[in-house]
Amino acid sequence: MNALVDKQSSELTVDRSARTLRELTLEKLRDAILDFRFQPGERLVERALCDRLGVSRTVVREVLRHLEAEGLVETIPNQGPAVTRPDPSDAAQVYEIRALLEAEASVACAEIATPADVDRLSKAVDTIQAAFDADNSRGVLKATTDFYEILFKIAGKSVAWSVVQSLNARINHLRAMTIATPGRSRDAIAEMRLIVAAVQKHNGDAARQASMAHVEAVAKLARQVLSQ
C-alpha cells in the first residue's frame, strides 16, 4: 500500500528544473514581437508559426491565447490573430497607471531606503545604461523591469508591483517603441538617476516629481510614435 502511495506521489511531482515547451515557445514568440521581428498589425498564421518555431499547432494556439491575454496579440474578425497595434487611448491609460503606481513607490522608497538599497538602484541604472550602450534593446527592457522591481520591493509595494507585472507585456511593447528614438537613451538614464538621487536624499516629494516627470516624458514620446 505504501509503495502504491509513493508511486502515485512521484507521478504527480512537478519537475521544477525543466521548462516546458510551451514556456519556451511563449518566450521566443514574445521576444520576437518585442524585437519587432513581427510588426504591429502583422498576421500570425498558425501553420507558419509551427514551421518557424518547430512546435505543434496545439502549443502555438496556447501561446497565442496567452499573448492575447497579455495584450501583445489581438484577434481580428475574419483574419485571425495578429500582433496588436497599440491604441493611443489604451497606451495613455497604461502610462496613467504607471505614473500613479511608480510615483507612490518612489515616495515610499525614499522614506525607508538604506544606503545598500540606493546602491542596488544605482547599479540597476548602470545596467540599463550598459544595455543602451551595447544597442541591446532586449537588455534594456529586462534591466528596466529589474530596476522597477527593486524599487517596488524596497518600497514594500508588493501588490502594486503585481499590478505592474500584469501590464508588463504592454509596457514593454510601448517601451520597445520608444527606446529606439534618437536621444532617448540619454534622457531616460538622466531621468532615472534623478529618481535615485531623490531616494538617496530621502526626499519623497522630489522622488514623486522625478518619477512623474519620467513617465510623462515617455508618454509624450509614445504619443508621437503612435501618431506615426
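## Helices and strands

Helices and strands here are DSSP runs, numbered from the N terminus, with at least four residues for a helix and at least two for a strand. Counted that way, the chain of this predicted model holds 11 helices and two strands. If you walk along the sequence, the elements come in the pattern α-α-α-α-β-β-α-α-α-α-α-α-α.

The C-alpha trace spans about 60 × 55 × 30 Å along its principal axes. Of the 228 residues in the chain, 43% are buried.

## How far to trust the model

The mean pLDDT of the chain is 91, and 92% of the residues score at least 70. Confidence is lowest in helix α1 (residues 2-12), where the mean is 52, and highest in helix α6 (residues 115-133), where it reaches 97. Where pLDDT is low, the predicted coordinates should not be read in detail. Please keep that in mind as you look at helix α1, with its mean of 52.

## The hairpin

The two strands are a good place to start browsing. Strand β1 (residues 73-76) runs antiparallel to strand β2 (residues 80-83), and four bridges pair them. One contact to look up is that of V73, whose bridge partner in β2 is V83.

Three residues lie between the strands of this hairpin. N78 in the hairpin takes a positive phi near 65 degrees.

## Salt bridges

Across the whole structure, a search finds 16 salt bridges. One of them joins R61 to E46, with the closest N and O atoms 2.9 Å apart. Because R61 sits in helix α4 (residues 57-70) and E46 in helix α3 (residues 46-53), this pair ties together parts that are 15 residues apart in sequence. R61 has a relative accessible area of 39%, so it is partly exposed.

Other salt bridges lie within a helix. E102 and R98 are both in helix α5 (residues 88-112), four residues apart, about one turn of the helix, and their closest N and O atoms are 2.7 Å apart. Are these charged residues buried or exposed? E102 is buried at a relative accessible area of 2%, and R98 is buried too, at 5%, because buried means under 20%.

In helix α6, K123 and D119 are also four residues apart, so about one helical turn separates them. The closest N and O atoms of the K123 and D119 salt bridge are 3.2 Å apart. D119 is partly exposed, with a relative accessible area of 38%. There is a network to explore as well: salt bridges link D31, D35, R37 and R138.

## Aromatic pairs

A pair of aromatic rings is described by the distance of the centres and the angle of the planes. The model has two aromatic pairs. In the pair of F147 and Y148, the ring centres are 5.1 Å apart and the planes stand at 85 degrees; angles over 60 count as edge-to-face, so this pair is edge-to-face. F147 and Y148 are both buried.

F152 and W161 make a tilted pair, with 5.4 Å from centre to centre and 45 degrees between the planes. F152 counts as buried because its relative accessibility is 1%, and W161 is buried with a relative accessible area of 6%.

## A nonpolar patch, and a contact at R138

On the surface, I97, V159 and V163 make a nonpolar patch of about 240 Å². V163 belongs to helix α8 (residues 158-166). With a relative accessible area of 36%, V163 is partly exposed.

Now return to R138, a member of the salt-bridge network with D31, D35 and R37. Which residue 38 positions along the chain has its C-alpha atom 8.2 Å from that of R138? That residue is A176, found in helix α9 (residues 168-178). A176 has a relative accessibility of 9%, so it counts as buried.

How values were computed. Residues numbered from 1 in each chain as written. Predicted model: local features only at pLDDT ≥ 70, side-chain atom pairs only at ≥ 80, totals over all residues. Heavy atoms only, no water. Phe/Tyr/Trp six-rings, centres within 6.5 Å; stacked < 30°, edge-to-face > 60°. Buried < 20%, exposed > 50% of the residue type's maximum accessible area, 1.4 Å probe, protein only. pLDDT = per-residue confidence, 0-100. Pairing = 2+ DSSP bridges. Salt bridge = Lys/Arg side-chain N within 4 Å of Asp/Glu carboxyl O. Patch = residues over 30% accessible without salt bridge, like charges linked within 9 Å, V, L, I, M, F, W, Y side chains within 5 Å. Areas by Shrake-Rupley, 256 points an atom, 1.4 Å probe, with all protein chains shown as cover.
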